[in-house]
Amino acid sequence: MARSYGTSAGGVEGRMRMFAHMLVLGMVLTMAGAALAQAPALRATKPIKLVVLGDSLSAGLGLPASSAFPERLQKALEIKGIEVDMISAGVSGDTSSGGRDRLDWSVPEGTEAVIVELGANDALRGIDPNVTRAALTDILTRLKARKIAVMLCGMVAPPNYGSDYSARFNAIYPDLAKSFGAPLYPFFLEGVAADARLNQADGLHPTAEGVDVIVKNILPTVEAFLGAISGQRS
């Protein structure tokens with residue numbers, strides 16, 4: 001008589017249950033492996049703690065908070081997929097010396113990057129360029145000592161103080177950027193200064209549209225600045 005190799009219903013069910021358990025176990029291990037693989041990436045995309053240390057140009061004088069430079073820059077960076085934990089430390093009327101005097105409480109512990117936007121009020125008041133240079137040098141020195149990366153925004157002196165004053169003042173920013181190895185955006189108001197359509201009635205402070213022009217122009221420099229910080233994390 002021919003032998004039958006058929007299996008019982010109980011044996012089939014048992015093997016099906018075992019297969020199901022193995023399948024679930026495999027899915028769990030795969031998901032765990034994927035989570036572990038993604039963990040470094042998640043750490044790498046942790047928001048960079050960024051402070052904008054400045055005067056009324058970054059404080060957004062005459063504008064709603066949502067239209068000020070730090071907030072608009074943060075939005076532009078988010079569109080690029082760059083997350084920052086932004087602190088707006090702009091104080092209207094501040095000179096470079098004023099920014100230096102409040103540096104410690106304006107830039108809290110844990111800060112990784114600072115954009116320095118100071119000097120416009122120095123130039124408007126005709127402050128001795130040596131005083132401005134000394135204050136900015138102190139700011140960069142102290143931030144460097146705290147291992148905080150700095151990006152420097154340049155300013156240009158108005159012509160009414162003469163060519164000698166302008167030459168001495170305007171040289172401050174490229175000189176310091178070179179000395180400290182800091183990235184430089186040569187003129188914070190590039191594309192906006194002296195354009196009545198992009199400035200408020202005082203002719204000095206940008207409108208919301210003017211701020212957006214500043215952000216658009218400065219964005220590549222900020223991206224490169226923050227990209228270097230992200231690269232140092234890994």
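**Entry 1: the cavity**

I began with the lining of the largest cavity, and its residues divide into 5 nonpolar, 4 polar and no charged. The model is a predicted one, and I keep that in mind throughout. Which residues line this cavity? I listed Ser-56, Leu-57, Gly-60, Leu-61 and Leu-63, then Gln-200, His-205, Pro-206 and Val-211. Its volume comes to about 40 Å³. I searched the whole structure for cavities of 30 Å³ or more and got 1.

**Entry 2: the pocket**

Next I looked up the largest pocket, which holds about 420 Å³ of space. I found 24 residues in its lining. Which of them lie nearest the centre? They are Ala-120, Leu-124, Met-155, Leu-189 and Leu-204. I sorted the lining by class and got 16 nonpolar, 7 polar and 1 charged residues.

I then asked which helices each supply at least two residues of that lining. Helix H2 (56-59) and helix H6 (120-125) both do. H6 gives the largest share, 4 residues.

**Entry 3: salt bridges**

I ran a search of the whole structure for salt bridges and it returned 10. I took a few in turn.

Asp-94 and Arg-102 come first in my notes: their side chains form a salt bridge with N to O at 2.4 Å. Are the two partners buried or exposed? Asp-94 has 11% relative accessibility, so I count Asp-94 as buried. Arg-102 has 6%, so Arg-102 is buried as well.

Then I checked Arg-100 and Asp-101, whose side chains meet in a salt bridge at 3.5 Å, N to O. Arg-100 is partly exposed, with a relative accessible area of 22%. Asp-101 is exposed, with a relative accessible area of 60%.

The next pair was Arg-142 with Asp-104, a salt bridge whose closest N and O atoms are 3.1 Å apart. Which parts of the chain does this pair tie together? Arg-142 sits in helix H7 (residues 129-145) and Asp-104 in helix H5 (residues 103-106), so the bridge ties parts that are 38 residues apart in sequence. I noted the accessibility too. Arg-142 is partly exposed at 26% relative accessible area. Asp-104 is exposed, with 52% relative accessibility against a cut-off of over 50%.

I followed this pair further and found a network of salt bridges that links Asp-104, Asp-138 and Arg-142.

**Entry 4: aromatic pairs**

I turned to the rings and found 4 aromatic pairs in the structure. Tyr-165 and Phe-169 form a stacked pair, 6.2 Å centre to centre with 10 degrees between the planes. Where do these two residues lie? Both are in helix H8 (residues 163-170), 4 residues apart, about one turn of the helix. I found both Tyr-165 and Phe-169 buried.

Phe-169 also pairs with Tyr-173, and I recorded this one as edge-to-face: 5.9 Å centre to centre, 65 degrees between the planes. Tyr-173 is buried, as is Phe-169.

Which residues make up the aromatic cluster? I wrote down Tyr-161, Tyr-165, Phe-169 and Tyr-173, which form one cluster.

**Entry 5: recap**

I closed with a short list to check against the structure.

- The largest cavity has no charged residues in its lining.
- The largest pocket has 1 charged residue in its lining.
- Asp-94 and Arg-102 form a salt bridge, with Asp-94 buried and Arg-102 buried.
- Phe-169 pairs with Tyr-165 and with Tyr-173.

Technical notes:
Residues are numbered from 1 along each chain as its sequence is written. This is a predicted model: local features need pLDDT of at least 70, side-chain atom pairs count only at pLDDT 80 or more; totals for chains, interfaces and linings use all residues. Side-chain values use heavy atoms; hydrogens and water are left out. A salt bridge is a side-chain nitrogen of Lys or Arg within 4 Å of a carboxyl oxygen of Asp or Glu. Buried means under 20% relative accessible area, exposed over 50%, partly exposed in between (1.4 Å probe, protein chains only). Rings of Phe, Tyr and Trp (its six-membered ring) pair if their centres lie within 6.5 Å; planes under 30 degrees apart count as stacked, over 60 as edge-to-face and the rest as tilted. On a 1 Å grid over the protein atoms alone, a cavity is a set of points where a 1.4 Å probe fits but cannot get out, and a pocket is an open set with protein on both sides within 12 Å along at least five of seven lines; lining residues have an atom within 4 Å of a point. Grid points are joined across faces, edges and corners, and a volume is the space filled by probe spheres set on the points. Ala, Val, Leu, Ile, Met, Phe, Trp, Tyr, Cys and Pro count as nonpolar, Asp, Glu, Lys and Arg as charged, and the others, Gly among them, as polar.
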